[in-house]
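Student: Could you take me through one part of this model up close, and then show me how the rest hangs around it? Keep it relaxed, I just want to look along with you.

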Amino acid sequence: MSANEVHTNTEIAPVVPVHLGIILDGNRRWAREQNLPTFKGHQKGYENLVTIAEAALARGVRYLTAFVFSTENWSRSADEVKYLMDLFLWVAEKDWKRLHDKNTRLRFIGSQDQLPAKLVAAIRKVEDITRDNTGGDLVLCLNYGGQQEIVQATQAIMAAGLKPEELTKDVFSQYLYAPDVPPVDLVIRTSGEQRLSNFMLWRIAYSEIYFGAVTHWPAFTVGDLDAALDDYARRQRRFGK
């Protein structure tokens with residue numbers, strides 16, 4: 001029975017988002033507050049992502065998508081970008097095994113054009129290895145931008161030669177990155193910022209949004225996750241009706 005179905009008695013199962021999106025904000029600010037170098041914030045942020053992902057999937061979330069590196073993040077310092085690329089490579093080459101052991105499917109979405117060739121090869125390998133895992137999907141938005149995704153989908157549609165009258169919302173969705181990944185039900189953004197920053201623009205059309213307290217991502221706890229999920233469960237989604 002899914003998390004959204006009714007039990008055989010009168011008790012209603014808690015409403016859990018099928019797809020949870022998280023904009024991980026505040027790694028660098030957390031590091032500065034701890035008097036640590038920036039890279040320590042990113043390292044702690046990734047460790048926390050694994051913790052939160054495991055907790056979210058255990059609570060019935062089917063897809064957790066995390067915004068880990070945007071198309072705009074290339075403008076950061078060369079040292080920071082290199083550290084992040086090395087971190088993603090380590091995840092794709094080494095650390096994926098603990099996710100695999102939890103039956104988690106690891107996926108990366110975004111443009112691979114600017115990524116190091118070694119990282120692209122590792123991504124493709126780990127996605128293939130974990131493809132049949134059924135414990136939930138951890139989707140990492142790497143070199144990702146919502147506008148870029150829509151533009152690239154449009155380019156693919158044009159290249160396929162579709163006629164205007166053949167284009168529907170459902171057809172368009174099939175040209176997005178990982179088209180089987182459903183719309184986002186709940187978006188969490190940490191660190192007190194209240195903007196969407198080009199995150200999954202097509203899939204968040206009717207998402208619920210949770211900003212919560214001013215908590216930098218490395219300090220975001222399972223308790224904070226539960227508070228967000230409890231808040232979501234109390235909302236009434238209308239989808240424009």
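Tutor: Start with Val 61, which sits in the loop between α2 (38–58) and β2. Keep in mind that this is a predicted model. Is Val 61 buried or exposed? Its relative accessibility is 2%, and since anything under 20% counts as buried, Val 61 is buried. Skip its neighbours within four places in sequence, and the contacts of Val 61 are Val 16, Pro 17, Val 18, Leu 20 and Ala 56. You can also compare Val 61 with Gly 135: they are 74 residues apart in sequence, yet their C-alpha atoms are 9.7 Å apart in space.

Now follow the chain into strand β2, residues 63–70. It pairs with β4 in the parallel sense, over seven bridges. To find the register, click on Ser 70, whose bridge partner in β4 is Tyr 144. Strand β4 has a second partner to look at: β3 (residues 105–109) pairs with β4, again in the parallel sense, over five bridges. Here the pair to click on is Arg 107 and, in β4, Val 139.

How covered are these strands? In β4, eight of its eight residues are buried, and in β3 it's five of five. In a regular strand the side chains alternate between the two faces of the sheet. For β3, Arg 105, Arg 107 and Ile 109 are on one side, Leu 106 and Phe 108 are on the other, and all of them are buried, so both faces of β3 are covered.

Stay on Leu 106 for a moment. Beyond its neighbours within four places in sequence, Leu 106 contacts Val 91, Trp 96, Leu 99, Val 126, Glu 127, Thr 130, Leu 138 and Leu 140. Leu 106 also belongs to the largest nonpolar core, which has 46 residues. The members that touch the most other members are Leu 20, Leu 64, Leu 106, Leu 119, Leu 142, Ile 188 and Leu 225. Helix α3 (residues 78–101) gives this core its largest share, 10 residues. Apart from that core there is another one, of 15 residues, including Ile 23, Ile 109, Tyr 177 and Met 200. As a rule of thumb, nonpolar side chains in soluble globular proteins tend to be buried together.

Next up is helix α5, residues 146–160. With 15 residues at 1.5 Å a residue, α5 should span 21 Å, and its end C-alpha atoms are indeed 21 Å apart, so the two values agree. Its buried residues are Gly 146, Glu 149, Ala 153 and Ile 157. They cover an arc of only 70 degrees around the axis, which puts them on the same side of α5. Turn to the other side of α5 and you'll find Gln 147, Met 158 and Ala 159 exposed. What lies over the buried residues of α5? The cover includes β4 (137–144) and α6 (169–173). Just after α5, Gly 161 takes a positive phi of about 75 degrees.

Two other positive phi values deserve a click. Most residues other than glycine have a negative phi. Ala 178 is not a glycine, yet its phi is positive, about 45 degrees. You'll find Ala 178 in the loop between α6 and β5 (186–189), and its 17% relative accessibility makes it buried. Ser 197, again not a glycine, has a positive phi of about 50 degrees. Ser 197 lies in the loop between β5 and β6, and at 32% relative accessibility it counts as partly exposed.

Finally, take a look at two acidic residues. Asp 25 sits in the loop between β1 (19–23) and α1 (27–33), and with a relative accessible area of 12% it is buried. Its side chain makes a polar contact of 3.0 Å with that of Arg 29. Not counting residues up to four places away in sequence, Asp 25 touches Arg 189, Thr 190, Ser 191, Glu 193, His 216 and Trp 217. The other one, Glu 208, is in strand β6, residues 208–210. At 17% relative accessibility, Glu 208 counts as buried. Leaving out its neighbours within four places in sequence, Glu 208 is in contact with Asp 185, Leu 186, Val 187, Tyr 232, Arg 235 and Arg 237.

Definitions and conventions:
Residues numbered from 1 in each chain as written. Predicted model: local features only at pLDDT ≥ 70, side-chain atom pairs only at ≥ 80, totals over all residues. Heavy atoms only, no water. Helix = DSSP H or I, 4+ residues; strand = E, 2+ residues; numbered from the N terminus. Expected span 1.5 Å × (residues − 1). Buried < 20%, exposed > 50% of the residue type's maximum accessible area, 1.4 Å probe, protein only. Arc of directions from axis to C-beta. Contact = heavy atoms within 4.5 Å. Pairing = 2+ DSSP bridges. Polar contact = N/O pair within 3.5 Å; in protein donor to acceptor, adjacent residues only side chain to side chain. Core = buried A, V, L, I, M, F, W, Y, C linked by side-chain atoms within 4.5 Å.
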